[in-house]
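Colleague: I should like to go through this chain with you. Could we start from one helix and then widen the view?

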Amino acid sequence: MPGVRILGTTIACESTVAENIRIGIDEVFDEMIAALTRPLTEEEKSPRVKVESQPEIAFKGTHGEVNQFFYRKGWGDGLPIVPPTRAAVDEMMKGTDLLPDHVVTKLIPRLGKATTEKIAVNAVMAGALPTHMPVLIAAVEALSDPKTRFDTFEVSTGSWAPLLIINGPIRNDIHINSGSGALSPGNIANSAIGRALGLIVKNIGGARKAIEDMGTLGNPGKYALVIGENEENSPWEPLSAGFGYEKGDNTVTVMFPNRYTQTIPAQTTPEGIATTLAGMGTGALATMLVIPDHANIFASEGWSKQQVKDFIKEKSPVRDSRRSGNLQDEDFALVVAGGPGVWMGLLQSAGGFDNSFVTREIKLPGNWDSLKAKYGTMVPTYERY
């Protein structure tokens, strides 16, 4: 922000110690008054913004040399990248019918123009496939919705990470993992889509670690926090149905958690499972991951998804939700995901923010069938021991 006068203080971030606050203010008070009253310099009156034109081809070299160049430029994320060659970007662009210079949105903090071609460049770098482009474009659209509070979470000290929940047939088309180990590494769609979104936020939006992204501790979820709902093994309507979409629509739902918890129920009765879910705490926007086995236990005893939510709202020890008062349906979502076992998960944001789930339709290009045929066999085949 050129022209803005900034003073540092010795006050610890979010300090509540009155004496330390007083001392810190006293130390800079005179400088603060001077900065507020001193006439503007010519530079401050008419700040010059440095704009560098970049050639289309930024670097030529070996794979290793390209990776070193990109890392030194600050364009990477600490892992090796796939060089975004002209040919690779053109192939990635086959995943959308949008023109290369179409601006999907502008991303904070720099208000960078997220064109489809720039999204494709970062997708290539992350190792994504052209079939992942429709999901990435929809996810970037979702980030621009103020209800996500992306404007705060991406530059906050709280280390939030974007969670993408995928519904619809596209989950199977691109092999999004919604079963065992759905939040673990190993599936190219989950991993590369999440990583690509992180690179988009950094390289297009300009949220760089310890500069604009001021996460105190950081969050490993920023590498890849993508999951599909296990619709085939769920007795309930999909998450997207609660946001006005039809079963069979391809959608991505975005929220920003900054913590992930797993636990097991004391009893595997519907009441036992629901009581444990309620006890996990939902005092902020939250996604509860219910494994198919537990969802089917509920269904076998006639519990609908809404009845489970009503039980959680009644039994939860948390009474101070984001809007104060008792929990509401919009405060948390139940998503059926995971494989065989007994564990349940909670992905939770933090209180004090009026943030919401944001869902966007995933729009497929006209050549979708040919893309599926080309990339649909991209799945690992493990050797038996």
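Colleague: Which residues are buried in H9?

Modeller: This is a predicted model, in which local features need pLDDT of at least 70, side-chain atom pairs count only at pLDDT 80 or more, and totals for chains, interfaces and linings use all residues. Residues are numbered from 1 along each chain as its sequence is written, and side-chain values use heavy atoms, with hydrogens and water left out. In H9 the buried residues (under 20% relative accessible area, 1.4 Å probe, protein chains only) are Ala189, Asn190, Ala192, Ile193, Gly194, Arg195, Ala196, Leu197, Leu199, Ile200 and Val201.

Colleague: And what covers the buried residues of H9?

Modeller: The cover includes strands S1 (103–107), S3 (163–167) and S4 (226–228), together with helices H5 (116–126), H6 (133–143) and H7 (150–153). Helices (H or I, at least four residues) and strands (E, at least two) are DSSP runs, numbered from the N terminus.

Colleague: What span should helix H9 have?

Modeller: Its 16 residues, 188–203, should span 22 Å at 1.5 Å a residue (times one less than the number of residues). The end C-alpha atoms of H9 are 21 Å apart, which agrees.

Colleague: Changing topic, how many helices and strands has the chain?

Modeller: The chain has 13 helices and 10 strands. Of its 385 residues, 44% count as buried.

Colleague: What does the C-alpha trace span along its principal axes?

Modeller: The trace spans about 75 × 60 × 40 Å.

Colleague: How much of the contacts with a separation of 6 or more comes from residues 24 or more positions apart?

Modeller: Such residues account for 80% of those contacts (heavy atoms within 4.5 Å) in the chain.

Notes
Buried means under 20% relative accessible area, exposed over 50%, partly exposed in between (1.4 Å probe, protein chains only).
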